[in-house]
Amino acid sequence: MPYLTSTGSTLRTGGAEHLGVGVPGYAHPLLAPVEWAGLSRPGTPLHWAVLNIDNGPGARPDPHCLEAAGRLRNARERALHGEAPEDTVRASGGRLLGYLDLAFGSRSFGELVTDARSYLDWYRVGGFYLDRCPDGRDALQSVRRLTSTLSALMADCDSAEEKGGRLVLGHDTHPHPGYAEAADQLVTFKGAWADYRWSQVAEWTAAYKPGRFAHFVHGVPRTHLEEAMRIARWQGAGTIFFTDRDGAKGQTDPFAALPSYWDEFVSRIGPGISE
């Protein structure tokens, strides 16, 4: 893409204190209870986690997802209101985001808004993760229309987690620069460690704070965890998820479970709450 430049061209500063965890989507809470319980554990530096029932909210409220959403929402309430848990470490302050599949622009505006309303009514989400988001200039206007509508829905919905909310665009690559003003955060890398360690960063991203960008990397060996974090800071990413899982042995989604070094991963970032 024409916006790319090498990682060495711009040194980022101040990224370390902004690092937090974003979870692009664990398996269903019934199938991944340990993963979901870990998100609300005291001290977890969680920015947000994505709830995806059936490539969207599903046809009706799911009791297991309602329970998981409630735990995460309660943890955020404790964190934001300064109620320290028993171990004196502050609780996780992460938001729960509803999953919306844009299918690279092929889904209708009406379908997406309907799914968004269901997430707000049933799960009181604190925002949305717009997966498979287009990245070209030609789709920018339609994405802006959608994000503006979602922001208005969250502001007006009494059942929402809180007024306002967070919108994350899942491009998984560097999009046209105009998308940086269409949402709160952009996922500008999602892929394998073999690609990430030699990845490039878009030059225009240097104008934004690390909180605007997220990186998700699978297949990161434990011995390279610190190097991966160094790349994220250098490239100006504020939200990350690294895992040593790589989709092998029949597991199609490497992000659907905890990495084997989860405790080490979150401890390297340190405790904190969402902004």
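## A parallel barrel and its surroundings

Strands β7 and β9 run parallel and are joined by six bridges. Within this pairing, Phe189 has His215 in β9 as its bridge partner. The model described here is a predicted one, and the pairing of β7 with β9 is a useful place to enter it.

On its other side in the barrel order, β7 is paired with β6, again in the parallel sense, over two bridges. Here Val168 stands opposite Gln185 in β7. Is strand β7, which spans residues 185-192, mostly covered or mostly open? Strand β7 is mostly covered, since six of its eight residues count as buried.

**The barrel as a whole**

These pairings belong to a closed arrangement in which eight strands form a barrel, following the order β2-β3-β4-β5-β6-β7-β9-β10 with parallel pairing. Neighbouring strands of this sheet are turned against each other by 25° on average, when direction is ignored. Strands of a sheet pair through backbone hydrogen bonds, in either a parallel or an antiparallel way. One of the links in the barrel is that between strand β5 (residues 127-131) and strand β6 (residues 166-170), which run parallel and are joined by five bridges. In this link, Asp131 stands opposite Gly170 in β6.

Helices pack on the sheet as well, and two of them are set side by side in the table.

| Helix | Strands touched | Angle between directions |
|---|---|---|
| α2 (residues 63-80) | β3 (46-51) and β4 (95-101) | about 135° with β4 |
| α6 (residues 225-235) | β9 (213-218) and β10 (239-243) | about 155° with β10 |

**Aromatic rings**

How many aromatic pairs does the structure hold? The structure holds 19 aromatic pairs, among them the one formed by Phe241 and Phe265, which is edge-to-face, with 6.3 Å from centre to centre and 85° between the planes. Because Phe241 lies in strand β10 while Phe265 lies in helix α7 (residues 262-269), the pair ties together parts that are 24 residues apart in sequence. Phe241 has a relative accessible area of 0% and is therefore buried, and Phe265, at 0% relative accessibility, counts as buried too. A further ring, that of Phe109, has the charged end of Arg145 sitting over it, at 3.7 Å from the ring centre.

**A proline in a loop**

Where is Pro29 found? Pro29 is in the loop between β2 (20-23) and α1 (33-39). Although Pro29 belongs to a loop, its relative accessibility is 9%, so Pro29 counts as buried, the limit being under 20%. When residues up to four places away in sequence are left out, Pro29 touches Trp36, His64, Cys65 and Ala68. Pro29 and Asn52 are 23 residues apart in sequence, while in space their C-alpha atoms are 10.0 Å apart.

**The chain in overview**

Taken as a whole, the protein chain has seven helices and 10 strands, and 52% of its 275 residues count as buried. Among the contacts in the protein chain with a separation of 6 or more, 76% are accounted for by residues that are 24 or more positions apart. The protein chain exposes about 12200 Å², and carbon and sulfur atoms supply 50% of that area.

Methods: Residues are numbered from 1 along each chain as its sequence is written. This is a predicted model: local features need pLDDT of at least 70, side-chain atom pairs count only at pLDDT 80 or more; totals for chains, interfaces and linings use all residues. Side-chain values use heavy atoms; hydrogens and water are left out. Two strands pair if DSSP finds at least two bridges between them. Helices (H or I, at least four residues) and strands (E, at least two) are DSSP runs, numbered from the N terminus. Axes are lines fitted to C-alpha atoms, for helices over the stretch in contact, and angles run from 0 to 180 degrees between N-to-C directions. Contact means heavy atoms within 4.5 Å. Rings of Phe, Tyr and Trp (its six-membered ring) pair if their centres lie within 6.5 Å; planes under 30 degrees apart count as stacked, over 60 as edge-to-face and the rest as tilted. Buried means under 20% relative accessible area, exposed over 50%, partly exposed in between (1.4 Å probe, protein chains only). A charge sits over a ring if NZ of Lys or CZ of Arg is within 6 Å of the ring centre and within 35 degrees of the ring normal. Accessible areas come from the Shrake-Rupley method with a 1.4 Å probe; for residues, only the protein chains shown count as cover.
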